[in-house]
Amino acid sequence: MVEHGDIRVVHRGGSKINSREPVISSDSRLLLCASGECVKVFSTSTEECIHDLRGHTGLVTGVLLRPSNHLQAYSCSADGTVRLWDFTDGILIKVHLPPPPPHPVFAAHPNTAHLYIVSAKGLQLEVYFFKKQKFSLKENNKKGRKNTFTCVASHPQDDCIATGHEDGKIRLWRNFSHKKEYTYSTLHWHHSVVSSLCFTPEGTNLLSGGVESVLVQWRYNQESQKDFLPRLGAAITHIVVSPDGALFCTSHSDNKITIIQSCVKVSAIIQGLVKGESLSTDLMVDPRSKAMVLNGKPGHLQFYSLQRDKLLFNLDIVQQEYIHQSGLQQFEVVKAAFTASGNWLASVEERKQKDAELELNLKLWMFDEQSQSFVLNTTISAPHEARITAMCFCQSTDSQTTMLVSTSKDGHFKAWQLATPAHTEDDGPSWSCDFVGAYHSLVPECCTFSADGSLLAVSFQEVVTVWSPSSWELLTTLSQPPGAIRDLCFGKLSCSKYLVGTTANNLLCCWNLLTCALEWSTSMNTSLLLADPLSENMAAFCPQAGFTDLFVFKPNEPRPLYSHKAVCSGNVTRAVFAPREEMLDSCEESSQWLNHSQLYFLTQCMVNPTNTKLSKLVIDDSIAMTPFHLLLGKHRGQQQQQESGQDSLSAERTPLPQGSAAIKEVSSSFLHV
Amino acid sequence: MASYKPTKITVYPKLGEKVTQDTVYWKNYKAPIQIKEFGAVTNINFSPVAPHNFAVTAFTRIHIYGPFSHEPVKSFTRFKDTAYCGRFRSDGQLLVAGCEDSVVRLFDVNGKVALRMYKGHTKAVHVTDFTSDSYQILTGSDDYSCRLWDIPNATELNAYQEHTDYIRCGQHLFSMFDGRVDKSVMTLDHGQPVESLLLYPSEGLLVSAGGRFVKVWDLLKKGQPLVSLKNHHKTVTCLCLSSNGERLLSGSLDRHVKVYNTTSYKVVHNFDYAASILSLALAPNDESIVVGMTNGILNLKHRKNAEESKEISGQQRRRPSYRVFVKGKNYFPKQDDYLVSKPVKQHLAKYDKQLKKFNVSKALDTALEAWTRLKKPEITVAVIKELDRRGTLKNALAGRDEQGLSRLLYFLIGNLFDPRFAPVLVTAAEMILDIYQSVIGQSSVVDRQLLRLQEMLEREIDYQQELLEVLGMLDTVFASSLPRKEDESEVGALSARCIEAR
């Protein structure tokens with residue numbers, strides 16, 4: 001089936017769904033939200049994504065139902081177009097090209113009954129009447145500096161405007177049509193910023209939310225009565241009420257949309273890929289569910305289905321009540337590792353207090369067949385005296401004991417072993433420390449086991465030490481100064497005698513473990529090196545002038561199998577090889593390395609630094625009217641430019657074969673997943 | 001919407017002895033009964049037949065005790081000198097005993113006077129026993145000889161003269177004799193004077209005790225030594241096998257009785273006694289342990305019967321009846337019924353309920369209640385830790401009166417130096433000092449407690465100092481003693497372990 005494969009980058013998902021307020025259709029059955037360059041249509045009852053409205057080439061900045069036809073919706077985008085969609089069938093009806101690039105309507109609320117628009121910015125509230133002149137009001141600033149307006153909502157029937165403030169107060173403004181005689185009342189429950197306000201369609205209730213992640217329902221005119229919906233998971237960014245008032249919908253800062261029935265009960269949760277403040281764990285693939293695993297919500301690991309672009313579940317690592325308060329030091333999951341079989345998961349959580357010492361916990365989770373989830377087996381508090389730099393399991397499947405090695409800034413690496421207790425009354429095996437190793441009081445940076453589990457390589461700055469895990473004997477040391485080791489990988493299968501490492505001063509080295517000598521080295525600035533678990537191939541990402549290049553090679557020859565200039569703009573922070581469900585049998589030399597696995601990587605999009613894209617490389621073999629057509633064309637252009645440029649590799653490497661870098665003329669292209 | 005996650009109480013591993021099935025079994029004895037004998041108790045022997053009386057040889061007498069009486073039911077006093085080794089025959093009718101005066105006496109357990117006297121030895125007879133066919137008696141004496149006697153005729157059948165030392169149940173070299181042959185079959189060298197011998201019921205293994213060692217020999221493999229146990233630090237004097245043959249007991253002059261597993265030969269339990277142990281016996285079915293000591297005290301321990309042992313474990317309250325739990329649960333909805341599921345109520349501890357409502361001071365008060373503070377300090381510490389994590393510990397600690405503050409300080413004094421709690425409590429202690437430094441001097445109670453705390457802190461710092469010194473010394477010792485190649489990693493490992501231990 002695959003004849004002329006061409007490798008290109010496809011954006012696989014992970015876009016934000018909480019950047020703009022979602023829209024609920026008039027029958028409350030569908031929910032539309034802007035997600036990156038497309039609009040997603042979800043069912044409010046089943047949480048499933050029904051349609052992806054694709055067509056925009058820039059970020060979608062707003063979605064609105066068409067007032068004249070409730071089955072159609074407008075979307076506006078940063079590419080300068082407004083598109084009209086039939087969202088029940090997912091069909092593009094019309095493309096408008098308005099003269100100015102549309103911007104999102106921020107903090108403005110049209111009141112249809114009384115015809116005015118309110119807008120609030122900073123310390124100023126302005127009401128624009130359609131018929132009369134503008135009413136403007138400046139909040140006096142005597143009581144402190146924190147009563148800046150943050151959000152605004154107008155009552156559908158009465159002349160009342162609700163404003164949220166930075167100090168957590170909500171003010172209800174009345175009688176503002178007369179210049180001097182306006183009045184206001186204050187409601188106070190939130191302890192920090194009110195981020196969103198919304199009236200129900202009848203105007204009987206006012207909903208407010210903020211960083212506390214509590215939805216507060218105030219009765220209009222009976223403000224002492226409140227209903228709460230606590231523990232929604234993350235700070236509320238938007239609140240939307242369906243046109244019939246039956247459903248509320250809140251967007252949260254953790255890329256989540258919660259659908260709430262009007263009796264203040266959660267009915268559905270639509271969860272996207274959570275992007276925490278920093279991606280501290282690597283991207284991993286759970287060997288059982290084939291889901292991608294990374295840290296998500298504070299104190300959680302998320303399991304994300306790559307095939308369906310859907311969050312499968314969150315595993316609570318910290319198991320503590322999350323206190324929503326800014327400036328509070330929280331426990332974060334910083335490291336995680338799976339065994340090859342997926343039976344064990346190790347996680348490290350840490351909390352850095354200001355003056356007290358670092359709190360570290362190493363937790364080991366066992367997969368429970370009955371409940372089909374991970375169950376906490378052992379908690380090791382303070383496994384090291386300083387931050388853990390790397391952690392890996394012994395990946396061999398046939399070894400008797402399961403072993404975990406963790407390296408830390410305190411200069412030690414520790415081996416943890418699963419041991420069955422000698423006494424019968426203890427239930428089941430637990431983990432304990434087996435060995436503590438150090439090397440000239442240097443700080444270990446990374447560790448890796450060989451494929452058969454017989455060797456452990458730990459890098460101490462510029463020295464790689466090779467240990468035997470069975471006897472804990474230091475077998476040999478390898479070094480290629482200057483420059484500290486950044487990444488280490490053992491070769492697999494036919495290349496298992498090689499150890500590949502990258503150093504901080506732009507060197508990629510390959511050692512032969514049989515001769516304990518350097519086999520080859522090349523000068524390239526590698527930011528990320530990773531090995532495919534199912535084949536001998538290794539991938540190296542090299543940042544170069546704002547773009548990142550990808551090289552795929554086998555350790556036994558210093559010649560790339562495949563190279564891709566400017567895979568993406570910006571730096572590739574994390575990447576992972578995900579095994580394919582079914583193997584491909586491509587014979588093309590340049591695409592053979594994708595037969596067993598797919599390469600996924602996470603980039604920081606340059607256009608919008610907060611928007612994280614998860615991309616992958618795919619092979620396409622036939623054409624279709626996909627939006628990737630444009631992307632492909634763009635990349636092809638880039639690559640042809642790059643091709644004419646000089647080779648970035650030094651003379652030590654043989655020149656790239658022409659066929660691998662050159663892009664074949666693609667007669668047809670089709671998204672092949 | 002997730003439910004409230006309760007405060008995590010850290011479970012610390014229990015220190016001290018692990019409870020195994022063996023400890024449960026061997027601890028299941030009543031308080032010991034002590035009986036004063038006339039001299040050192042050299043031998044105890046249980047009658048093999050019910051009611052399992054036992055003969056106690058002490059000085060010039062042999063007393064026979066019933067299984068539960070604390071007075072002798074019978075005593076043999078017709079010895080002219082110290083009696084040795086009073087033993088029952090397998091039918092429990094006859095008792096044989098040696099004596100310092102070289103005469104071996106045979107008694108009927110119901111009679112008073114010796115039935116037979118076997119004369120032939122020239123020196124004190126320390127060892128006497130019936131042969132397994134129960135018609136002959138074997139004796140061993142200080143005249144280096146062993147003799148076999150016919151019971152009814154009181155004649156000497158055989159004499160073995162191969163020994164070269166006193167026979168006190170054996171010597172340096174102890175020998176196996178076959179009654180049918182004149183010469184020893186096997187000679188085993190224990191290395192030290194042998195104090196006691198024990199033959200397994202299967203007759204395949206022989207256990208010998210001598211010096212500090214207990215050795216097990218495989219007789220079927222020509223007396224090959226199987227294992228040598230060195231668990232006592234003084235001479236082992238007596239050996240005994242438990243009724244099921246799976247445990248071996250050894251008593252020693254170091255005042256301990258050790259129980260070994262006979263498959264792994266590991267010590268599984270240990271009894272302590274007040275004086276050096278000379279003799280030891282177990283009743284059939286391990287119903288009682290009898291130990292004789294050098295100070296003439298006989299120590300009896302009886303096994304608790306089933307009801308008594310249950311009483312101890314069954315101290316819990318009476319639970320509500322079955323009906324209470326079944327109430328409303330045994331109704332199954334019919335076909336047309338619409339089932340409204342009741343939300344499961346999450347049970348929270350009192351401090352958790354208060355934490356859920358952000359009542360931080362109240363939560364701390366709850367955690368500092370007397371029972372929690374004294375019995376479960378880990379709960380109090382967990383609540384303090386949780387408050388610290390929430391950043392509200394200062395609020396919770398502040399605004400306390402004299403009583404509240406002294407309660408807090410009292411808890412700190414008690415637990416601050418526990419290494420499990422120290423990281424959390426040091427933070428709390430610093431905060432308390434920050435908050436209340438303005439009121440120092442207003443209350444004598446608080447001042448006294450603060451002084452106490454200071455004093456303990458100084459002592460703790462001294463300890464740490466000393467430990468660091470020891471650690472430094474250890475490092476130098478290891479660095480010089482270990483071979484060059486491995487020292488780097490191992491010293492690192494060792495010092496890391498020492499730090500952990502500290």
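Let me start with a strand pair in chain B of this predicted model. Strand S16 and strand S17, the latter spanning residues 205-210, run antiparallel to each other and are joined by five bridges. To find a place in that pair, look at Leu197(B): its bridge partner in S17(B) is Ser208(B).

The pair belongs to a sheet. Four strands of chain B make up this open sheet, in the order S16-S17-S18-S19, with antiparallel pairing. Why do S16 and S19 each have one side without a neighbour in the sheet? Strand S16 (194-199) and strand S19 (224-229) of chain B are at the edges and have a single partner strand each, so one side of each is left open. From one strand to the next, the twist averages 20 degrees.

Staying with chain B, I turn to its repeats. In an unreviewed entry, UniProt annotates residues 118-159 and 229-270 of chain B as "repeat: WD". Residues 118-159 of chain B are 55% strand and 0% helix, and their end C-alpha atoms are 13 Å apart. For residues 229-270 of chain B, the figures are 55% strand and 0% helix, with 14 Å between the end C-alpha atoms.

Now the overall division of chain B. Domain 1 takes in residues 21-304, and domain 2 takes in residues 350-480. How far apart are the C-alpha centres of these two domains of chain B? They lie 58 Å apart.

For the later part of chain B there is another record. UniProt, again in an unreviewed entry, gives residues 331-476 of chain B the annotation "domain: U3 small nucleolar RNA-associated protein 15 C-terminal". Over that span chain B is 69% helix and 0% strand. The end C-alpha atoms of residues 331-476 of chain B are 75 Å apart.

Here is one helix pair from chain B. Two packed helices are described by the angle between their axes and the distance between the axes. Helix H9 of chain B covers residues 402-415, and helix H10 of chain B covers residues 422-436. Their axes come within 11 Å and cross at roughly 145 degrees. The crossing of H9(B) past H10(B) is left-handed. Which residues make the contact? From H9(B) they are Leu405(B), Leu408(B), Leu409(B), Phe411(B), Leu412(B) and Asn415(B). From H10(B) they are Leu425(B), Ala429(B), Ile432(B) and Tyr436(B). By type, the contact of H9(B) with H10(B) has nine nonpolar residues, one polar residue and no charged residue.

On to chain A, again starting from the records. UniProt lists "repeat: WD" for residues 53-95, 142-173 and 187-228 of chain A, in an unreviewed entry. Residues 53-95 of chain A are 65% strand and 0% helix, and 13 Å separates their end C-alpha atoms. Residues 187-228 of chain A are 62% strand and 0% helix, and there the end C-alpha atoms lie 15 Å apart.

Chain A also carries a "domain: C2H2-type" annotation in UniProt, at residues 33-56, from an unreviewed entry. In the model, residues 33-56 of chain A are 62% strand and 0% helix, with end C-alpha atoms 14 Å apart.

Next, two hairpins in chain A. Strand S8 (residues 82-86) and strand S9 (residues 91-96) of chain A run antiparallel and are joined by five bridges. Trp85(A) stands opposite Leu92(A) of S9(A). Four residues lie between the strands of this hairpin, and Gly90(A) has a positive phi near 75 degrees.

The second hairpin has strand S28 (residues 300-305) and strand S29 (residues 310-316) of chain A, antiparallel, with six bridges. Leu301(A) has Leu315(A) in S29(A) as its bridge partner. The hairpin of S28(A) and S29(A) has four residues between its strands, and Asp309(A) takes a positive phi near 50 degrees.

Last, a sheet in chain A. Strands S30-S31-S32-S33 of chain A, in that order, form an open sheet of four strands with antiparallel pairing. Which strands are at its edges? They are strand S30 (332-338) and strand S33 (373-381) of chain A, each pairing on one side only. Neighbouring strands in this sheet are turned by 25 degrees against each other on average, direction ignored. S30(A) pairs with strand S31 (residues 344-351) of chain A over six bridges, in the antiparallel sense. Within that pair, Lys335(A) stands opposite Val348(A) of S31(A).

Notes. Residues are numbered from 1 along each chain as its sequence is written. Chains are lettered from A and ligands numbered from 1 in the order in which they are written. This is a predicted model: local features need pLDDT of at least 70, side-chain atom pairs count only at pLDDT 80 or more; totals for chains, interfaces and linings use all residues. Side-chain values use heavy atoms; hydrogens and water are left out. UniProt positions are given in the numbering used here, feature names are shortened, and annotations may be inferred rather than shown by experiment. Two strands pair if DSSP finds at least two bridges between them. Axes are lines fitted to C-alpha atoms, for helices over the stretch in contact, and angles run from 0 to 180 degrees between N-to-C directions. Domain bounds come from an automatic or database domain assignment. A crossing is left-handed if the near helix is turned anticlockwise from the far one by less than a right angle, and right-handed if clockwise. Contact means heavy atoms within 4.5 Å. Ala, Val, Leu, Ile, Met, Phe, Trp, Tyr, Cys and Pro count as nonpolar, Asp, Glu, Lys and Arg as charged, and the others, Gly among them, as polar.
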